[in-house]
Amino acid sequence: MTATEMPSSVTDVPSDPDGVPGAAEAAAELHDPVLAWFDQHARDLPWRRPEAGAWGVMVSEFMLQQTPVNRVLPVYEQWLARWPRPADLAAEAPGEAVRAWGRLGYPRRALRLHGASVAITERHGGDVPSEHSQLLALPGIGEYTAAAVASFAYGQRHPVLDTNVRRVFARAVTGVQYPPNATTAAERRLARALLPDDEPKAARWAAASMELGALVCTARNEDCGRCPVAGLCAWRLAGKPAHDGPARRGQTYAGTDRQVRGKLLAVLRDSVRPVPRAVLDRVWDEPVQRARALDGLVSDGLVEPLANDRFRLPLT
C-alpha cells in the first residue's frame, strides 16, 4: 500500500481475518519506520536501562500514570535508592510510601505500589513475576500496568495502551484526531492486530509507539515534520479533520477537593508525629470542603485517624 492509498478510516477497507479492518496493511507499513525512529530518538530514561530491572520498570509505570517524566525523575531516583527491591518497600509502613511519593499527585498510587510490593514479597520471593497473569493478580495492577511490565521488563508480546499510544493509533490508522475518552474494545483489538509477531520486536514496538506519542504526535502540538510515518498517517492524509466526538476531559485542579487533599497530605508528610486537626484546619478556609477532603483521605486509607482528633499517615 502506498501513502496515497492509506485509508482515511480503517472502516474503508475490507476486514482482515482477525476482524480489524486494514490492520495488517497498517502494521506492515508502520513497524519499520517507527522502530528506526525510536532507535535514533528514544530518551535515555533510567527505567529503560538494564540495571533498572523489573522492579524499576514497575515503579516507573506507577509513577508515570497521569504524571510527566520531568516530575517523576527525581522521585523515581530517590525511591529506588531507598527501596531497591520490593521487599525493602514491603518492610516499611504504607504511610512511608505516601510520604516518599511527595507531590507526584494521585497518592493512592503509592499505597497500591506498596500493596504490590507486599504481595510480590509474599507470593514471589521478592522478585517481580514475569507471567502476565501473575502480574495482573497483584493488588493495584491493572491491564495496562501488567502489559507494560511484561513488555518493557521481560520483552514479551503484549499490547500496551497508554494515552500516547492510543493517540498515535487513532491518528495514524483510524484517521481521527483523538481516541475516545476511555479505552474501547475496538482499540484493544487494533493494538493486538498491530503487534509484530516477533516477541522482542513487539516489545520494542510498544515502547516506540509510546515514545512517538510522547515526543512527536502530542495532544496539542503534533509535529508532523518530524514524524516517521507522516506520509502514512490516515488523519493527516484526510486533512486533519477536527475532533467531533465527546468533549475531551480537562484537568482542573485549583479550588478542587484534589487541591485540598494535596495540602492536607503535605502537612502530614512533613510531620513525623500525629497532627492535630487544628493544624490541618489552617490549610484551607472553607470548612465543609476541608472536612470532605479529609474524610476522603481517611476513606482511601491515605490518612489514619487517632484519638484526641489527631491524624497521621497510615502505619498498617
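**Exercise 1. Burial and overall form**

Determine what share of the 316 residues of the protein chain counts as buried, and describe the chain as a whole.

*Solution.* Step 1: In this predicted model, 45% of the 316 residues are classed as buried. Step 2: The secondary structure consists of 15 helices and 3 strands. Step 3: The C-alpha trace extends over about 70 × 45 × 30 Å along its principal axes. Step 4: Among contacts with a separation of 6 or more, 63% join residues 24 or more positions apart. Step 5: The accessible surface amounts to about 15400 Å², and carbon and sulfur atoms contribute 51% of that area. Step 6: The side chains include 38 positive and 37 negative ones, with 8 Å between the centres of the two sets.

**Exercise 2. The setting of helix H5**

Establish why helix H5 (residues 94-101) is described as largely enclosed by the rest of the structure.

*Solution.* Step 1: A residue is buried when its relative accessible area is under 20%. Step 2: By that criterion, the buried residues of H5 are Pro 94, Gly 95, Glu 96, Ala 97, Val 98 and Trp 101. Step 3: Because 6 of the 8 residues of H5 are buried, the helix is largely enclosed by the rest of the structure. Step 4: The packing partners of these buried residues are helices H2 (53-64), H3 (69-82), H4 (86-90), H6 (108-124) and H13 (257-269). Step 5: Just after H5, the backbone at Gly 102 adopts a positive phi of about 60 degrees.

**Exercise 3. Leu 268**

Decide whether Leu 268 is buried or exposed, and identify the residues in contact with Leu 268 outside its neighbours within four places in sequence.

*Solution.* Step 1: Leu 268 belongs to helix H13. Step 2: Its relative accessible area is 2%, so Leu 268 is buried. Step 3: With neighbours within four places in sequence set aside, Leu 268 contacts Arg 99, Val 275, Leu 280, Val 303, Phe 311, Arg 312 and Leu 313. Step 4: Ala 185 is 83 residues from Leu 268 along the chain, and their C-alpha atoms are 41 Å apart.

**Exercise 4. Internal cavities**

State how many cavities of 30 Å³ or more are found, and characterise the lining of the largest cavity.

*Solution.* Step 1: The count is 4 cavities of 30 Å³ or more. Step 2: The volume of the largest cavity is about 120 Å³. Step 3: This largest cavity is lined by 14 residues, of which Arg 171, Cys 217, Cys 224, Cys 227 and Cys 233 are the closest to its centre. Step 4: Helix H9 (residues 163-174) gives the most to the lining of the largest cavity, supplying 3 residues.

Notes
Residues numbered from 1 in each chain as written. Predicted model: local features only at pLDDT ≥ 70, side-chain atom pairs only at ≥ 80, totals over all residues. Heavy atoms only, no water. Buried < 20%, exposed > 50% of the residue type's maximum accessible area, 1.4 Å probe, protein only. Helix = DSSP H or I, 4+ residues; strand = E, 2+ residues; numbered from the N terminus. Contact = heavy atoms within 4.5 Å. Areas by Shrake-Rupley, 256 points an atom, 1.4 Å probe, with all protein chains shown as cover. Lys, Arg positive; Asp, Glu negative; His and termini not counted. Charge placed at Lys NZ, Arg CZ, Asp CG, Glu CD. 1 Å grid on protein atoms, 1.4 Å probe; cavity = no way out; pocket = protein on both sides within 12 Å on 5 of 7 lines; lining within 4 Å. Points joined across faces, edges and corners; volume = space filled by probe spheres on them.
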